[in-house]
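Hi,

Here is the structure I promised to pass on to you. Have a look at it first, and then read on for what turned up in it.

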Amino acid sequence: MNRQGCGSPSTAFARHVWRSEPLSFSLCFSEQGATLIEVLVTLVLVAIGLSGMMTMQARGIQQNQSAYLRTQAITIANDVADRLRLNSQAGLDDYYSLALSQEASDFSIDGIHDSSKKLAYADLNGWLNWLSTALPEGDAEITRTGQRITIVIHWNARRDRDGISSYLHEVDL
């Protein structure tokens, strides 16, 4: 017998084999299950693990949204770059020049007779409308230095570098 008169299973089995006593296992009251403290410690560990998993899930969603917005910016920049290549003379004549905060309505084609300027303004009008709907607080600027056109797109990612993200794309005409 050990602890407080409780028999261990091995001594009970030995009594059964050698003395032909009925096999019975008795357990002490102190060994019957987990204590309240053990259960609470387990719950705390599980809660810590679950909160870590929730944090990782939230971070993954944020990164996915950031990647989606950057992909949108790249697609939008490539679109205007293709338009510039197709109407390269208008690009060299600075018809595609765009300053930050300019609106699509600034590029109305009413009263314009030059076909390349009309096409450039129509391109910019549609492109700026797409930019404003595809990116949160989307804005852009297009500048020319010699034969090189620089397209910079800005948007508010709300979690990246104080909310402002940007993408730069250059085109050689």
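**The core, the sheet and the helices**

The largest nonpolar core holds 31 residues, and those touching the most other members are Trp127, Leu135, Ile142, Ile151, Ile153 and Trp155. At least two residues of this core come from each of α2 (36-86), α4, β1, β2 and β3. Please keep in mind that this is a predicted model. As a general background, nonpolar side chains tend to be buried together in soluble globular proteins.

Ile153 is a good place to start looking around. Leaving aside residues up to four places away in sequence, Ile153 touches Ala73, Ile76, Ala77, Trp127, Leu131, Leu135, Asp139, Ala140, Ser165, Ser166 and Tyr167.

Now to the sheet. It is open, with three strands in the order β1-β2-β3 and antiparallel pairing. β1 (139-145) and β3 (164-172) are the edge strands; each has a single partner strand, so one side of each is left without a neighbour in the sheet. From one strand to the next, the twist averages 15°.

How many bridges join β1 to β2? There are seven between β1 and β2 (residues 148-156), and the two strands run antiparallel. In this pairing, Asp139 stands opposite His154 of β2. Helix α4 (residues 115-134) packs on the sheet, where it touches β1 and β2, and its direction makes about 140° with that of β1.

On the other side of the pairing scheme, β2 and β3 also run antiparallel, joined by nine bridges. Here Asn156 has Ile164 in β3 as its bridge partner. If you look along β3, you will find a covered face made of Ser165, Tyr167, His169 and Val171, while Ile164, Ser166, Leu168, Glu170 and Asp172 make up the uncovered one.

Last, the two helices. The axes of α2 and α4 come within 11 Å and cross at roughly 180°. An angle over 145 degrees counts as roughly antiparallel, and α2 and α4 are therefore roughly antiparallel to each other. On the α2 side, the contact is made by Leu69, Gln72, Thr75, Ile76, Asp79, Val80 and Arg83; on the α4 side, by Asp123, Trp127, Trp130, Leu131 and Ala134. Sorted by class, this contact of α2 with α4 has seven nonpolar, two polar and three charged residues.

Trp127 may be worth a second look on your screen: this residue is among the core members that touch the most others, and it also takes part in the contact between α2 and α4.

Happy browsing, and best wishes

Technical notes. Residues are numbered from 1 along each chain as its sequence is written. This is a predicted model: local features need pLDDT of at least 70, side-chain atom pairs count only at pLDDT 80 or more; totals for chains, interfaces and linings use all residues. Side-chain values use heavy atoms; hydrogens and water are left out. Two strands pair if DSSP finds at least two bridges between them. Helices (H or I, at least four residues) and strands (E, at least two) are DSSP runs, numbered from the N terminus. Axes are lines fitted to C-alpha atoms, for helices over the stretch in contact, and angles run from 0 to 180 degrees between N-to-C directions. Contact means heavy atoms within 4.5 Å. Buried means under 20% relative accessible area, exposed over 50%, partly exposed in between (1.4 Å probe, protein chains only). A nonpolar core is a set of buried Ala, Val, Leu, Ile, Met, Phe, Trp, Tyr and Cys residues joined through side-chain atoms within 4.5 Å. Angles under 35 degrees count as roughly parallel, over 145 as roughly antiparallel, 65 to 115 as roughly perpendicular and the rest as oblique. Ala, Val, Leu, Ile, Met, Phe, Trp, Tyr, Cys and Pro count as nonpolar, Asp, Glu, Lys and Arg as charged, and the others, Gly among them, as polar.
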